[in-house]
Amino acid sequence: MPTDPIGRLLEALDTCPPFAFLDVLREHLTATVGARDVHLWLADYAGQSLELLRVPGDRMPDPSLPVDDEGPGQTFRSQQTGVHLRSVSAVVSVPVTVRAERLGVLQVHLPHPPAADDVRLLRATCSALAYVLLASRRYTDVFERARRQRDLEVPAEMQWELLPVLAHDGPDFDIAGKLEPAYDIGGDNFDYAVEPGAVTLSISDAMGHGTRAAMLSSLVVAVQRNARRRGEGIRQQVRAVNATVYDQFGGTDFATAMFLRAERSTGEVAVVNAGHSLAYILRDGALVPLAVDADVPMGLFPDAEYTLHRVRFAVGDRLILISDGVLEAATEEGDPYGEDRLREHLQSTAGESPVEVVRLLTAAVMRHRAGHLVDDATAVCLDYHATRREGRDRP
Ligand SMILES: [Mn+2]
């Protein structure tokens, strides 16, 4: 049996049924930091609310907190541990995060103000818990169900299975992406892979909406990953997707996409643009389009050719990729969100982290469209910084 507390916790979580996770956590934190009560709040699919995980026998109503609130919401947004002192007790809120993807917040009630060691142990506990929750998606629905404010549509169920970890901070790149409407997404997708020399990043938008678009999108992502994992470059990845989509859909359905591969050390970027010219660079406060000529979308012509373009990131550059659903989201009166609003929004959120930028942008688009989107709206943000800036609160 492991002697360190995190080792013991991991062993206990790995051997208990998933619906007993919260009991195991409570027992662990009672023994290690004297916790009186423990609550786990999970981010809903839209990332706009925190949903309390209830366990069998719990008679609590179903509390749901907007992430814009104080308390756990504040911890969720800032990723800083929150300590709220009462007369003799304390409530500590700790982020439950994998890389930079915010899964939720653990709230721990203590009978005393926490010592520095208690806070360190709580943060380490939440790091371990985050990985267990991520892996548990493969063997239980307990946590997926708790995150749902309502049922997902089938295309959204397919799309969520495809998505990578939604935010990833690294030594030279920070990446985050977000898809809306989270419960009814159709054909948009994004993917990335962090490799020793470079980061590969892509956004794609499958024609149409609904299950057929989600099937096309699944195929796009599977073929891309398959080619990438064979060691093919981005142009070969696009060719492979084009050929397979054409084979399966006979030229009737297509997907637009932009694939990029950015070198870690130099900021040099290779780009293939398959009919998806919705990319911008925010540099020194100015938003400029990433100007690379578009080739045809993938799936229309079996022998389509794709050009490899080269651009270069400067240190401090922010790359933003969006789908057409962002610009075209229109009010009842037909006023589209458009490039001017996008520019203003991205300039005003320049100080935010990528994960907040994509959350705030998709929320602004949803508000503009009064909560209802006709097309998917996707935003992906990548920051290039040669030296590590201040990271989030870490154990
Ligand atoms: Mn679209």
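## Arg99 and its hairpin

Arg99 counts as partly exposed because 19 C-beta neighbours lie inside 10 Å, while a residue needs 20 or more to be buried. This is a predicted model, so please read each feature here as belonging to a prediction. Arg99 is not a glycine, yet its phi is positive, at about 50 degrees. Where does Arg99 sit? It is found in the loop between β5 and β6, a hairpin with two residues between the strands.

The strands on either side of that turn are β5 (residues 90–98) and β6 (residues 101–110). They pair in the antiparallel sense over nine bridges, and Val98 stands opposite Glu101 in β6. On its other side, β5 also pairs with β4 (residues 82–85), again in the antiparallel sense, over four bridges. One of the pairs there is His84 with Val91, its bridge partner in β5. The hairpin from β4 to β5 passes through four residues.

## Other backbone features to check

Asp284 is another residue that has a positive phi of about 50 degrees without being a glycine. Its place is in the loop between β13 (279–283) and β14 (286–289). Is Asp284 buried or exposed? With 8 C-beta neighbours inside 10 Å, Asp284 counts as exposed, since the cut-off for that class is 12 or fewer.

If you are going through the omega angles, stop at Glu180 and Pro181: a cis peptide bond joins them, with omega about -5 degrees. Pro181 belongs to the loop between β8 (173–180) and β9.

## A five-strand open sheet

Strand β9 leads into the next topic. An open sheet of five strands runs in the order β9-β10-β11-β12-β15, and its pairing is antiparallel. Why do β9 and β15 each have one side without a neighbour in the sheet? β9 (188–194) and β15 (309–312) stand at the edges and have a single partner strand each, so one side of each is left free of a neighbour in the sheet. From one strand to the next, the twist averages 20 degrees.

Within this sheet, β11 (residues 255–263) and β12 (residues 268–274) run antiparallel and are joined by five bridges. Ala262 stands opposite Val269 in β12. As background, side chains in a regular strand alternate between the two faces of the sheet.

## Helix α8 across the sheet

Helix α8 (residues 234–249) lies across β10 (198–206), β11 and β12, and it runs at about 160 degrees to β11. Does its length come out as expected, and what does the calculation give? The 16 residues of α8 should span 22 Å at 1.5 Å a residue, and the end C-alpha atoms are 22 Å apart, which agrees. Just after α8, Gly250 takes a positive phi of about 65 degrees.

Which residues of α8 are buried? They are Ile234, Gln237, Val238, Arg239, Val241, Asn242, Val245 and Tyr246. What covers these buried residues includes α7 (210–229) as well as the strands β10, β11 and β12. The general helix geometry is worth recalling here: an α-helix has 3.6 residues a turn, so residues three or four places apart point the same way.

## The nonpolar cores

The largest nonpolar core has 63 residues, and those that touch the most other members are Val220, Val238, Ala257, Met298, Leu321 and Val380. Which element gives the largest share of this core? That is α7, with seven residues. Leaving aside residues up to four places away in sequence, Val220 touches Asn189, Ser204, Ala206, Val241, Val245, Ala255, Ala257 and Met298. Apart from this core lies another, of 30 residues, including Leu29, Cys126, Leu129 and Ala130.

## The chain as a whole

Zooming out, the protein chain has eleven helices and 17 strands. Its radius of gyration is 22 Å, close to the 21 Å that the globule rule gives for 395 residues, so the chain is as compact as a globular protein of that length. Along the principal axes, the C-alpha atoms fill a box of roughly 70 × 50 × 40 Å.

Of the 395 residues, 42% are buried. Among contacts between residues at least 6 apart in sequence, 64% join residues at least 24 apart.

Terms used. Residues numbered from 1 in each chain as written. Predicted model: local features only at pLDDT ≥ 70, side-chain atom pairs only at ≥ 80, totals over all residues. Pairing = 2+ DSSP bridges. Axes fitted to C-alpha atoms, helices over the stretch in contact; angles between N-to-C directions. Contact = placed C-beta atoms within 7 Å. Expected span 1.5 Å × (residues − 1). Rg over C-alpha atoms; globule rule 2.2 N^0.38 Å. Core = buried A, V, L, I, M, F, W, Y, C linked by C-beta atoms within 7 Å.
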